[in-house]
Amino acid sequence: MPELRSLVAAELKLPVDHQVTAMAAAIAAKHGAASRAVLFYGSCLRQKQLDGLMLDFYLIVSDYRAAYDKGWLAAANRLIPPNVFYFEHDGLVAKYAVLSEADFHRLAGPETSSVSVWARFAQPSRLVWSENKDARDRAIDAVCQAAPTLLAAARPRPDEPALDLWRRAFALTYSAELRAERKGRGSSVVDLEPERYQRFTAPALAAAMSMLTHGSWGWRRLEGKALSVARLAKASLTFAGGADYIAWKINRHAGTQIELKPWQQRHPLLAGISLLPRLLKSGAVR
């Protein structure tokens with residue numbers, strides 16, 4: 001898929017704000033020689049706004065054990081990838097997820113039914129730090145799988161307009177995780193950059209033709225929501241201020257006005273469990 005790889009490589013190297021590259025380098029430095037690549041993605045990239053928001057990164061590492069000084073963090077990352085951490089640098093805040101190169105390649109491709117990674121990297125992202133050319137090439141190869149996997153899983157319909165296919169595909173992935181976004185988020189992601197998705201359609205579909213994806217959408221929804229809960233539980237141990245972040249994200253995307261009690265701030269896992277029934281009933285989380 002040389003045409004798709006060329007598009008992905010060109011997009012990944014597009015420039016970003018110098019504050020983003022500085023933060024990416026600081027994240028990589030925190031994990032030392034294990035760091036291989038850092039990718040920037042998400043709403044801050046789409047909106048081209050940094051102040052007052054939380055930046056989103058993926059840190060790709062050579063090996064989980066080498067990335068941490070605590071064995072339980074490596075074990076948790078291996079068991080339920082990724083681990084997610086809070087990070088501050090030069091007045092900006094971020095969260096970053098950690099994946100090994102092997103897991104990044106696996107989770108961005110058709111051999112996994114979990115939508116979490118391939119749904120995100122079918123969208124625009126930037127490779128903002130890499131250890132060397134080999135690390136950069138391996139990151140590009142992983143990202144190249146994401147868009148074809150998304151479209152193969154969505155099963156394109158005859159004569160379906162390109163942008164409608166992308167909108168429907170993203171809507172399916174949003175339904176397969178616990179999300180605080182309002183309905184229509186999949187469409188808004190596409191509508192921000194319609195020309196980009198038009199360019200990617202033909203080469204991504206060509207690559208998708210040879211892909212066999214795993215799992216039905218019913219299974220993906222069951223698996224995705226269960227994994228979302230497990231990752232939130234794990235994040236309560238790895239993510240400083242996790243309960244406050246979860247409340248902020250839900251309020252921002254769902255238009256709610258959740259205010260956490262002191263005990264909920266001290267015990268983020270219990271806070272999440274206590275809030276979940278109300279959030280599901282109100283539709284703030286789906």
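Me: Hi! Quick one to start: is Asp-159 buried or exposed?
Reply: Hello! In this predicted model, Asp-159 counts as exposed, because its relative accessibility is 82% and the cut-off for exposed is over 50%.

Me: Where does Asp-159 sit?
Reply: Asp-159 is in the loop between α8 and α9 (162-175). Its backbone has a positive phi of about 60°, although Asp-159 is not a glycine.

Me: And what about the phi of Lys-48?
Reply: Lys-48 also has a positive phi, about 55°, and is not a glycine either. You'll find Lys-48 in the loop between α3 (43-47) and β2 (54-61). With a relative accessible area of 73%, Lys-48 is exposed.

Me: Staying with the backbone, what is the peptide bond from Pro-81 to Pro-82 like?
Reply: That bond is cis, with omega near 0°. Pro-82 belongs to the loop between α5 and β3.

Me: OK, let's go inside. Which residues touch the most other members of the largest nonpolar core?
Reply: Those are Phe-40, Leu-55, Phe-57, Phe-104, Trp-166 and Phe-170, in a core of 75 residues. Helix α8 (residues 133-154) gives the most to this core, namely eleven residues.

Me: I can see plenty of rings. How many aromatic pairs does the structure hold?
Reply: Twelve. Take Tyr-68 and Phe-85: their ring centres are 6.0 Å apart and their planes meet at 45°.

Me: Why does that pair count as tilted?
Reply: The angle decides: 45° between the planes makes the pair tilted, because stacked needs under 30 degrees and edge-to-face over 60.

Me: Where are those two in the chain?
Reply: Tyr-68 lies in the loop between α4 (64-67) and α5 (71-79), while Phe-85 is in strand β3 (residues 83-89). They are 17 residues apart, and the pair links distant parts of the chain. Both Tyr-68 and Phe-85 are buried.

Me: What kind of pair do Phe-104 and Phe-121 form?
Reply: An edge-to-face one, at 5.3 Å centre to centre with 70° between the planes. Phe-104 comes from helix α6 (residues 101-107) and Phe-121 from helix α7 (residues 116-121). Phe-104 and Phe-121 are both buried. They also belong to a cluster linked by ring pairs, together with Tyr-41 and Tyr-58.

Me: Which charged ends sit over rings?
Reply: Here are two examples. The charged end of Arg-196 is over the ring of Tyr-197, 4.7 Å from its centre. Arg-220 lies over the face of Trp-217, at 4.5 Å from the ring centre.

Me: Switching to holes: how many cavities of 30 Å³ or more turn up?
Reply: A search of the whole structure finds three. The largest holds about 70 Å³ of space. It is lined by 14 residues, and the closest to its centre are Val-8, Phe-121, Val-143, Arg-196 and Phe-200. So Phe-121 and Arg-196 come up again here!

Me: Which elements give two or more residues to that lining?
Reply: α1, α8 and α11 (194-208). By type, the lining of the largest cavity has ten nonpolar, two polar and two charged residues.

Me: Last one. How far apart are Leu-14 and Arg-126?
Reply: In sequence they are 112 residues apart, yet in space they are 6.7 Å apart, C-alpha to C-alpha. Leu-14 is in the loop between α1 (2-12) and α2 (18-30). At 42% relative accessibility, Leu-14 counts as partly exposed.

Terms used
Residues are numbered from 1 along each chain as its sequence is written. This is a predicted model: local features need pLDDT of at least 70, side-chain atom pairs count only at pLDDT 80 or more; totals for chains, interfaces and linings use all residues. Side-chain values use heavy atoms; hydrogens and water are left out. A nonpolar core is a set of buried Ala, Val, Leu, Ile, Met, Phe, Trp, Tyr and Cys residues joined through side-chain atoms within 4.5 Å. Buried means under 20% relative accessible area, exposed over 50%, partly exposed in between (1.4 Å probe, protein chains only). Helices (H or I, at least four residues) and strands (E, at least two) are DSSP runs, numbered from the N terminus. Rings of Phe, Tyr and Trp (its six-membered ring) pair if their centres lie within 6.5 Å; planes under 30 degrees apart count as stacked, over 60 as edge-to-face and the rest as tilted. A charge sits over a ring if NZ of Lys or CZ of Arg is within 6 Å of the ring centre and within 35 degrees of the ring normal. On a 1 Å grid over the protein atoms alone, a cavity is a set of points where a 1.4 Å probe fits but cannot get out, and a pocket is an open set with protein on both sides within 12 Å along at least five of seven lines; lining residues have an atom within 4 Å of a point. Grid points are joined across faces, edges and corners, and a volume is the space filled by probe spheres set on the points. Ala, Val, Leu, Ile, Met, Phe, Trp, Tyr, Cys and Pro count as nonpolar, Asp, Glu, Lys and Arg as charged, and the others, Gly among them, as polar.
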